[in-house]
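Work through the following exercises with the coordinates open, and compare each step with the solution given beneath the task.

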Amino acid sequence: MYGVVLHFDSKTEKIIKTLWKELSDSGISSYAYEIENRKPHITLADYSDLEESEYKELFDCYYESAPKMCLSYSTLGTFINSGALFLSPNPTKELIDFHSNYHNHFKKYSAFSNLMYHPERWIPHCTIANRLDDQKLLEALQFSTKRLESIRTEVQEISLIKIIHQNYKRIIETVISKVLI
């Protein structure tokens, strides 16, 4: 499984990682620790399979000089019947265009992609907790609402990641990454 993700500045990453730790320490959600090397992110695309070397070459060229973008978060949300809690950025034209342009440029891979991340269906989000029952979802929402304030962040990097299985663990491995300028 592969994902194309946007990563944030270090201040935002620290805020979200601190919340993940507090949720785990409180026994509400261990989402952040279910897979090693998880970093806060927004997923642009999710693939069941890719030809890595071909994709990396296209990715490297396409994101040679992509600009950073600023986002604001002031909304917590959930997907219906998902047990997920997430931060949702204000959907700027810049973010929507960045996502749409990605899918247009890499459309040859759409046969392997999760429809949830396609333009017109995509809901940009950064997951805080996942696979929670109703009670834990309510606890996570209440806990997060009290701990968080609005966040202004800079998206600084785009990466292709994959989940590998090693020694009975799931680990996120970065295949290729580009710092945005």
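**Exercise 1.** Which residues does Tyr55 touch, not counting residues up to four places away in sequence?

Solution. The model is predicted, so local features need pLDDT of at least 70 and side-chain atom pairs count only at pLDDT 80 or more, while totals for chains, interfaces and linings use all residues. Residues are numbered from 1 along each chain as its sequence is written, and side-chain values use heavy atoms, with hydrogens and water left out. With contact taken as heavy atoms within 4.5 Å, Tyr55 touches Val4, Leu50, Tyr102, Phe106, Tyr109 and Leu160.

**Exercise 2.** Classify the ring pairs that involve Tyr63 with Phe59 and with Phe106.

Solution. Rings of Phe, Tyr and Trp (its six-membered ring) pair if their centres lie within 6.5 Å, and planes under 30 degrees apart count as stacked, over 60 as edge-to-face and the rest as tilted; by this rule the count comes to 14 aromatic pairs. The centres of Phe59 and Tyr63 are 5.1 Å apart with planes at 55 degrees, so this pair is tilted. For Tyr63 and Phe106 the centres are 6.4 Å apart and the planes at 10 degrees, so that pair is stacked. The stacked partners lie 43 residues apart in the chain, and both Tyr63 and Phe106 are buried (under 20% relative accessible area, 1.4 Å probe, protein chains only).

**Exercise 3.** Locate the charged end that sits over the ring of Tyr31.

Solution. The criterion requires NZ of Lys or CZ of Arg within 6 Å of the ring centre and within 35 degrees of the ring normal. The charged end of Arg38 sits over Tyr31, 3.9 Å from the ring centre.

Conventions. Helix = DSSP H or I, 4+ residues; strand = E, 2+ residues; numbered from the N terminus. Buried < 20%, exposed > 50% of the residue type's maximum accessible area, 1.4 Å probe, protein only.
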